[in-house]
Amino acid sequence: LKMWNASTLLMSEFFENSDDDMPKFLLWNWQTGAEEALEIDAVYGSHDAEHVPMDDGLMTVQDTNNLTEYSLTTGKEIWGVTWESLCYSSAKLAMSTPPDMMATVCSTDAHFNRVQQASDNTVYAGSRDLSALLKVSKMSGSLEWILGGPFGDFVTIDLNGTEYPAGYEYWTHQHNFEWVGSNKFIMFDNGASDPVTGTFDHESRFLMIEVDEIAYTATVVWEWSTGEEAPIWGDADLLPNG
């Protein structure tokens, strides 16, 4: 569910829904109740979808591992990458991963649950199962860096100034990991090391991270614990008042 404009919301069906009669993407005017189905060639609904005005496109997550953009004019795919293609494009991953393990890493389920185009050439994708945010070069379709998770490139610094090495999972199985401007990112950190068994590293919380892409540090600038353990779902949005 995303804002399309001041009066209209973008809605997408659940990505596992098999009802062919249900529109995969729908515009709903909350003031008039009018509905308009978006006619695009998507196979699935989406874990996330976002309007890309600069392309007149719709950026989606397809089948949890594919980032795919469709033209709103033709309905056809105009850009796409998969976790597997991003993984194999990364020289950093190739250098840090034993050759016999690359196939395993690159075939894992990324479980993308957030995709966001921040500029002409920058796409951010939140991966729940990698506990990470990926920065993708849209022009080349390659992976620039990974923030968080076992394959992360950044040192994390908490509110007390304690440093955690790259590869340390400071947040786990998060939702809605997104860019909010000025090298800052916000998320709902579920904190579950294993959501299936209900095993938690810490209580679910909101985090705001500031990234230094030169020093490769990720500094926690704000944190608020819910006092609860939420194995699935969650969202975090920056309000207009900051």
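**Contacts, burial and ring pairs in a predicted model**

Apart from neighbours within four places in sequence, Thr68 is in contact with Leu58, Met59, Thr60, Gln62, Glu77, Trp79 and Gly80, where contact means heavy atoms within 4.5 Å. Thr68 belongs to strand S7, which covers residues 66-71. Helices (H or I, at least four residues) and strands (E, at least two) are DSSP runs, numbered from the N terminus. Because its relative accessibility is 7%, Thr68 counts as buried; buried means under 20% relative accessible area, exposed over 50%, and partly exposed in between, with a 1.4 Å probe and protein chains only.

The structure is a predicted model, in which local features need pLDDT of at least 70 and side-chain atom pairs count only at pLDDT 80 or more, whereas totals for chains, interfaces and linings use all residues. Residues are numbered from 1 along each chain as its sequence is written, and side-chain values use heavy atoms, with hydrogens and water left out.

The chain as a whole contains three helices and 20 strands. For 242 residues, a compact globule would have a radius of gyration near 18 Å, and the value of 18 Å for the chain agrees with this. The radius is taken over C-alpha atoms, and the globule rule is 2.2 Å times the number of residues to the power 0.38. Along the principal axes, the C-alpha atoms fill a box of roughly 50 × 40 × 35 Å. Of the 242 residues, 46% are buried. Among contacts with a separation of 6 or more, 41% join residues that are 24 or more positions apart. The chain exposes about 11800 Å², of which carbon and sulfur atoms supply 52%; accessible areas come from the Shrake-Rupley method with a 1.4 Å probe, and for residues only the protein chains shown count as cover. The chain carries 10 positive and 39 negative charges, and the mean positions of the two sets are 5 Å apart. Lys and Arg count as positive and Asp and Glu as negative, while His and the chain ends are not counted; the place of a charge is NZ of Lys, CZ of Arg, CG of Asp or CD of Glu.

The loop that follows strand S7 offers a contrast in burial. Thr73 is located between S7 and strand S8 (77-82), and Thr73 is exposed, with a relative accessible area of 62%. Its C-alpha atom is separated by 32 Å from that of Ile186, 113 residues apart along the chain.

Aromatic side chains form 13 pairs in the structure. Rings of Phe, Tyr and Trp (its six-membered ring) pair if their centres lie within 6.5 Å; planes under 30 degrees apart count as stacked, over 60 as edge-to-face and the rest as tilted. Tyr170 and Trp171 make an edge-to-face pair, with 6.3 Å centre to centre and 80° between the planes. Both Tyr170 and Trp171 are buried. The pair of Trp171 and Phe177 is also edge-to-face, because the ring centres are 5.7 Å apart and the planes stand at 85°. The relative accessible area of Trp171 is 0%, and Phe177 counts as buried at 1% relative accessibility. Ring pairs link Tyr124, Trp145, Phe154, Tyr164, Tyr168, Tyr170, Trp171, Phe177, Trp179, Phe185 and Tyr216 into a cluster.

Within this cluster, Phe177 is part of strand S15. Not counting residues up to four places away in sequence, Phe177 touches Arg114, Gly126, Ala132, Leu133, Leu147, Trp171, Phe185, Ile186 and Met187. From C-alpha to C-alpha, Phe177 and Ala6 are 23 Å apart in space and 171 residues apart in sequence.

Two histidines were examined for their backbone angles. Most residues other than glycine have a negative phi. His111, however, has a positive phi near 50°, and His173 likewise has a positive phi of about 50°. His111 occupies the loop between helix H3 (99-106) and strand S9 (112-117), and His173 occupies the loop between strand S14 (163-164) and strand S15 (175-181). At 17% relative accessibility His111 counts as buried, as does His173 at 11%. Leaving aside neighbours within four places in sequence, His111 is in contact with His47, Thr64, Asn65, Gly126, Ser127, Arg128 and Asp129. The C-alpha atoms of His111 and Gly152 are separated by 16 Å, with the two residues 41 apart along the chain.
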